[in-house]
Amino acid sequence: CILPFEKDFYAQFDFDVDFVGHPLIDAISGRKEVNLEDKKKELGLGEKKVLLLMPGSRKQEISTILPIMTNAAENFPEFDLVVAGAPSQDHSFYKQIIGDRVKIISGKTYDLLEVATVALVTSGTATLETALFKVPEVVCYKGNWLSYYIARQLVKIKYISLVNLIMDKEVIKELIQGEMTVVGITKELEKCLDPVNKEKILKSFDELETKLGGTGASTNAAEITVSHARG
């Protein structure tokens, strides 16, 4: 398994599993260090710091979440605002929602995370990727009320982001449903940019990486598989 809490979960059902670490750490740590200015030029960005918007990949969630993200992000004119576009969606789809207010770059999420100062992220693996790139983030999620209510009744968890679930505490703020407003996002972005609070977040991200087992997940999985095969 690739998440530390999975081992205890499976133990409840008498399954003895091995935690091997998370392959994302290898994928991210294996990237070459970049020159910030050169990377920005490569992406067609200016000299401003980057506020990255990651509104998910599904049309319904993008349509709901991106306008609110954009309205909040525009309260920070000192930043270049960039949407990490999903490869499955055309730029025209994003423009129907927010026009030309924000630059859209598709298929370059990791490159964008390398230059981002702060990010607004819809829940999912993206929250973990953002943390491993050491980018302070605010989790934003808003969906169909009925679907969300049913899901909350069926799944009893304290958090929706992988970062908080793994750390078992609120490392990054989750603005869900009615809490995801322009005012709420603006307030939490300001906290992320506060030097003292930012330092706390980055320290927690370092702890998160340690908790995920560091590099070598694939090698660990291979060695354990061979060991079990040999008996």
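I'll talk through helix H11 and then a residue in helix H9, Asn164.

Quick housekeeping: this is a predicted model, where local features need pLDDT of at least 70, side-chain atom pairs count only at pLDDT 80 or more, and totals for chains, interfaces and linings use all residues. Residues are numbered from 1 along each chain as its sequence is written, and side-chain values use heavy atoms, with hydrogens and water left out.

Okay, H11. Helices here are DSSP runs of H or I, at least four residues, and strands are E runs of at least two, numbered from the N terminus. H11 covers residues 195-211, and at 1.5 Å a residue its 17 residues should span 24 Å (that's 1.5 Å times one less than the number of residues); the end C-alpha atoms are 24 Å apart, so that agrees.

Which residues of H11 are buried? Ile201, Ser204, Phe205 and Leu208, with buried meaning under 20% relative accessible area and exposed over 50%, using a 1.4 Å probe and protein chains only. They cover an arc of only 105° around the axis, so they sit on the same side of H11; the arc is taken from the directions from the helix axis to the C-beta atoms.

That buried set packs against helices H7, H9 and H10 and strand S5, contact being heavy atoms within 4.5 Å. The face turned away carries exposed residues, including Glu199, Lys200 and Lys203. After H11 comes Gly213, with a positive phi near 95°.

Now over to H9, where we find Asn164. Asn164 is buried, at 0% relative accessible area. Its side chain reaches the backbone oxygen of Ile172 at 2.9 Å. Leaving aside residues up to four places away in sequence, Asn164 touches Tyr159, Lys169, Glu170, Val171, Ile172 and Glu174.

Terms used. A polar contact is a pair of N or O atoms within 3.5 Å; within protein, one must be able to donate a hydrogen and the other to accept it, and residues adjacent in sequence count only if both atoms are side-chain atoms.
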